[in-house]
Amino acid sequence: MSISGLPPYDPQNVFARILRGEIPCRRVHEDAFALAFHDINPQAPVHVLVIPKGAYVSNADFAAGATDAEIAGFWRAVGKVARDLGLEAGGYRILSNMGADGGQEVPHFHVHIFGGRRIGRMVPRPEA
Ligand code: 5GP
């Protein structure tokens, strides 16, 4: 079990396969610590995912298990990607889902970057 209580890291998850080059992606940035690429199903004019290169299921696993260099490198990449996408002036949202309640679909820690329009409510109202 991962530290967050989620199942252990699955090396066949789609982002692991993207990292290995087994599935293509529209890459916007890559360095030693992170890969950033366009979401396949964008929810905003700009919707980019940033993932660490290490095998971490969730933010909890990343925060507890990654080295300081990995954590710093990853968050620097998030900042650089948002800047390079031209989102600083208009603003943007970063978001990370974890587990069932968070709505996480892909069990490899990732941050969404949304921009290019007013993103709207931070959390949708509960469904009736
Ligand atoms: P989550 O719900 O786990 O926070 O977000 C997973 C995201 O990964 C979703 O927004 C989904 O559209 C995206 N995604 C799933 N499969 C692929 C894929 O094969 N390629 C890309 N680029 N994005 C994917």
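## A guided tour, starting at His108

Select His108 and Pro52: the side chain of His108 reaches the backbone oxygen of Pro52 at 2.8 Å. Keep in mind as you look around that this is a predicted model.

**Stop 1: around His108**

Stay with His108 and colour the chain by secondary structure. You will find His108 in the loop between α4 (99-102) and β5 (111-115). Is His108 buried or exposed? His108 has a relative accessible area of 0%, and the cut-off for buried is under 20%, so this residue counts as buried.

Which residues does His108 touch, leaving aside those up to four places away in sequence? Show them as sticks: Tyr9, Asn13, Phe15, Ala16, Leu19, Ile51, Pro52, Gly54, Tyr56 and Val57. Pro52, from the start of the tour, is one of them.

**Stop 2: Glu30 and its partners**

Next, select Glu30, Arg27 and Lys53. The side chain of Glu30 forms a salt bridge with that of Arg27, at 2.6 Å from N to O. Glu30 also meets the side chain of Lys53 in a salt bridge, here at 2.7 Å. This second pair links distant parts of the chain, 23 residues apart: Glu30 belongs to strand β1 (residues 27-30), while Lys53 sits in the loop between β3 (46-52) and α2 (59-65).

Now switch on the surface. Glu30 is partly exposed, at 37% relative accessibility, and Lys53 is partly exposed as well, at 32%. Arg27 has 54%; the cut-off for exposed is over 50%, so Arg27 counts as exposed.

**Stop 3: a salt-bridge network**

How many salt bridges does the structure hold? There are five. To see more of them, select Arg17, Arg20 and Glu22, which are linked in a network of salt bridges. Zoom in on Glu22 and Arg20, whose side chains meet at 2.7 Å, N to O. Glu22 is partly exposed, with a relative accessible area of 41%. Arg20 is partly exposed too, and its relative accessibility is 41%.

**Stop 4: a nonpolar patch**

For the last stop, keep the surface on and select Trp75, Tyr92 and Ile94. What do these residues form on the surface? They make up a nonpolar patch, with about 270 Å² of accessible area together. Trp75 lies in helix α3, which covers residues 68-84. With 37% relative accessibility, Trp75 is partly exposed, whereas His108, where the tour began, is buried.

Conventions:
Residues numbered from 1 in each chain as written. Predicted model: local features only at pLDDT ≥ 70, side-chain atom pairs only at ≥ 80, totals over all residues. Heavy atoms only, no water. Patch = residues over 30% accessible without salt bridge, like charges linked within 9 Å, V, L, I, M, F, W, Y side chains within 5 Å. Areas by Shrake-Rupley, 256 points an atom, 1.4 Å probe, with all protein chains shown as cover. Salt bridge = Lys/Arg side-chain N within 4 Å of Asp/Glu carboxyl O. Helix = DSSP H or I, 4+ residues; strand = E, 2+ residues; numbered from the N terminus. Buried < 20%, exposed > 50% of the residue type's maximum accessible area, 1.4 Å probe, protein only. Polar contact = N/O pair within 3.5 Å; in protein donor to acceptor, adjacent residues only side chain to side chain. Contact = heavy atoms within 4.5 Å.
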